[in-house]
Every structure is written in C-alpha cells, then in structure tokens.
Amino acid sequence: MDLPSSIRIVRLRWAILGLCLLAGGALYLGAVELPWPALALVACSLASANLVWSLAGPARWAALDIQLGVDFLCLTALLYLTGGPANPLVSMYLLLIALAAQAMPATRTWLLAAASMLAYALLFRWHQPIMVAGEHSDMLISLHLAGMWLTFCVCGIVLAGPLARLSRTVRERELELGRIRETQLRDEKLVALGMIAAGAAHELGTPLNTLTLLADDLAERYAGDPELDDDVRLMRNQLGACRRALGRLKQQGGELASPAEPVSQQLGHLVANWRNLRPQIELDYQPALATAPTRWFDPSFGPALLNLLNNAADASPDGRITVQADWQAPILVIRIRHAGSLPPQLELTHPAMPVASSKQHGMGLGMFLAHATLDKLGGTLRMDSDADGVCTTLTLPLPTSHVVSPP
C-alpha cells in the first residue's frame, strides 16, 4: 500500500478511537458495568501502535497487513470484553476484510477473512456479558440499537472515504500501467527500427562511395555536354545529401555533441537540406523566429521534421507546401500546409504502432516515427483538414533551463 493511503488509514483509526472514547464515556455515565481497566489497556495498545505508524517511516511500520492484523486483534479483544456477538461492533470485521481486499494480495485477504470468521464463531462461546444495574436494565436494547447506528455510520464513512480513494488509486494505476505498456511497445518498435537503420547505413556506405566515384567520372567525361551537366550535378548533390545523412546518423549514434545554434538557423539548415533532397517541390518557408533562443535541438527532431515534410510533399497534388515556424515562448510551433484532404488512416492522435500508408509504396513509418519522437520530447502532433487543405501542426517545448545564450 502506498504511503498516502496508509496515512489516511492511520487518520481514520484516530477518528474511530475518538468515537470509542466518547461511547465509553457515555456507557460509564450510564452505569454500564464493563471491565474498564482491560478496555483501557486495549485502547492504549491500539493508540500506541497507531502513534508508531504515524511517526515511523513506511518501510518498517506502515505495511497494511501489519496494521490490519493489529486492528483484528484489538477488535477481537474489545468484542470479548463487551458482550461478544451481541455487540453491534462485530460488523467491523467486514470493514477490515474490505480494506484488505482493496490493497492486499488475495492470499492475505483470505487469511484475514478466515481469522475473522473463526474469531466471530469463538466469541459465541467465550465472551464477557454486559452487565447493567437493575434500574437501568431497559438500556440494553437502546445501547444495542445505538451501537448498530454507530457501526453503520463508521462503515458509511469508510466506504465513502478511504475505500473510494483506494479504488480510484487502483484505477489510476491500471491506466498508468496501460500507458507504460503502450510506451514500452512503441519503444521496442523504435529500437528494432534503429537496429535496422544501423544495418542499412552500414550496407549503404559502399554503394554510395561507388556511385560517388561514378558521378565524378561522368562529370569529367561529359563536362562539355550541357544536356547532361545539370543531371550529373543533381546526381552529385543527391549523393552528397545521402553521405551527410549517414554522417549525422553515425554522429548521433556515437552521442557526439552538436554545436549550439539559434533555433532559426537550425531550422533553416533542416529546410535547406530537405530542399536538396526534393528540388522538384515548391516550398514556401515562412519563419517567425526573431526572438527564438539559441540552444540544442534533440538529434531525433530533425529526422521527424523531414519525415513530415516528405509526407506533405508526397500528399500535395500540386507539388507545393508551406512551412510556417513560430516561436511562442517556450513552445516552438511549426505548421506544414498543403492542398488536398486528410486520409482516414492518418486521423490519429497517439499511435503505438505504424499505420497503413496512403502512398503506393509507403510503409507507414514516417508518421509513426514523428509521433513517437515528439511524444518523447514532450511535444504534440496534430493533423487537420479543411477547405484550404491539410495542416500538420507540431509543437516542441524548449524549456528555458536548457536554453543556451548566444555567444
């Protein structure tokens, strides 16, 4: 049981002890003959144990099974001294079992339930009857009814208070465990993709070097041919972009620190690199980052942004996209707009696995990786469709504690 719940049980026990003291005082004034020294010893024992649980740490004393075990012994002793099964407080056994069922393993709950049933049965045979003076003998029925009312009130308070909070805590933990399982599933998928990417990067090194040599040879051989010169130059630029991408992958895998740059400059580099990869797409970049700070971007943010730009470019029917970057301290907001409509399979909020791609040869990984990256960084990703087209909005918090002052 967690510490806050244990503290609530301790406070509830103080309240019950206070009610018992008031009831004992009323019985004493009503000339009810009870073994007062023994009852005082039981009450002092329970109060002392409760005081220890209030002051000591949870690791030694605040275990719920120990607390309920002491409550069971004290309640049994109290019932033995005050009429046994005729005492209406005997229903308090049910409260102990209910508390155990909420926060203890099933085995211990069954043990407490079995002990309570056995104690209840033994009280029929061994108990001390309540004695009342002759002129007050008609008080027994009234005392019994008052005790039943008191027991009902205590049960109602416990059911509506600590037990309700315990149930809510259990539900919250189940939801949290569900989110943890979903995150773990997504992380396992990301690790698998990372291993595949590392293997692909290693395999692509040799073909890229070979293609670079061939491109250089073609550039020398057809240097005077204007028809092939532009194609060869484009080929060399594309191969250079691939080599730089592999270099960034190697750098990030080795956890090498990148130099801190202004946010506007870093986004400009990302957009410029993407322009080299997709020169046929008409890109309208509209930055509004004059007040944005100088700080490091997480290395995974760049690939996530490039995936979103590629998705927008592939989905744009006219080959045009607009990128708006805005700094709303401490949040970076980027909106990617293009014409068209939003496919149904992309109307998602938090995918744990890749979704089916709307492209002919797509694998559905781009949106999944972007979602996973932004979720890891504390950001959000939302896609909306209206009469003007599709708008992909991503937000990335840049806390001031990580801001690097410009040199």
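**A mixed sheet and its surroundings**

Five strands line up as an open sheet, in the order β4-β6-β7-β9-β8, with mixed pairing. At the two edges sit β4 (282–288) and β8 (380–386); each has a single partner strand, so one side of each is left without a neighbour in the sheet. Going from one strand to the next, the twist averages 15°. All of this is read from a predicted model, so it is worth keeping that in mind throughout.

Now for the pairs inside the sheet. Strand β7, covering residues 331–338, runs antiparallel to strand β9, covering residues 389–397, and 8 bridges link the two. Two of the matched positions can be picked out by eye: Leu332 has Leu396 of β9 as its bridge partner, while Arg335 is bridged to Thr393 in β9. On the other flank, β8 and β9 also pair in the antiparallel sense, this time over 7 bridges. There, Ser385 is found opposite Val390 of β9. The connection between β8 and β9 is a hairpin, with 2 residues joining them. As a rule, side chains in a regular strand alternate between the two faces of the sheet.

How much of β9 is covered? Most of it: 8 of the 9 residues in β9 are buried. Part of the setting is helical. Helix α9 (residues 263–277) packs on the sheet and touches β4, β6 (320–328) and β7. The direction of α9 makes about 175° with that of β4. Helix α10, made of residues 301–315, lies across β6, β7, β8 and β9, and it runs at about 20° to β7.

One residue of α10 gives a handy landmark. Asn311 lies in this helix, and its relative accessibility is 21%, so Asn311 counts as partly exposed. Follow the chain from Asn311 to Met367 and the two are 56 residues apart in sequence, yet their C-alpha atoms are 8.0 Å apart in space.

Away from the sheet, Arg13 deserves a look. This residue is part of helix α1, which spans residues 3–29. Is Arg13 buried or exposed? With a relative accessibility of 6%, Arg13 falls under the 20% cut-off and therefore counts as buried. What does the side chain of Arg13 make polar contacts with? One partner is the side chain of Gln67, at 3.1 Å, and another is the side chain of Asp71, at 2.7 Å. Leaving aside residues up to four places away in sequence, Arg13 touches Leu46, Asn50, Trp53, Gln67 and Asp71. Gln67 and Asp71 thus turn up both as touching residues and as polar partners of the Arg13 side chain.

Stepping back to the whole protein chain, the secondary structure adds up to 11 helices and 9 strands. The chain has 407 residues, and 32% of them count as buried. Among contacts with a separation of 6 or more, 69% involve residues 24 or more positions apart. The pair of Arg13 and Asp71 is one example of a side-chain contact in the chain. Finally, the accessible surface comes to about 23700 Å², and carbon and sulfur atoms account for 63% of that area.

Conventions:
Residues numbered from 1 in each chain as written. Predicted model: local features only at pLDDT ≥ 70, side-chain atom pairs only at ≥ 80, totals over all residues. Heavy atoms only, no water. Helix = DSSP H or I, 4+ residues; strand = E, 2+ residues; numbered from the N terminus. Buried < 20%, exposed > 50% of the residue type's maximum accessible area, 1.4 Å probe, protein only. Polar contact = N/O pair within 3.5 Å; in protein donor to acceptor, adjacent residues only side chain to side chain. Contact = heavy atoms within 4.5 Å. Areas by Shrake-Rupley, 256 points an atom, 1.4 Å probe, with all protein chains shown as cover. Pairing = 2+ DSSP bridges. Axes fitted to C-alpha atoms, helices over the stretch in contact; angles between N-to-C directions.
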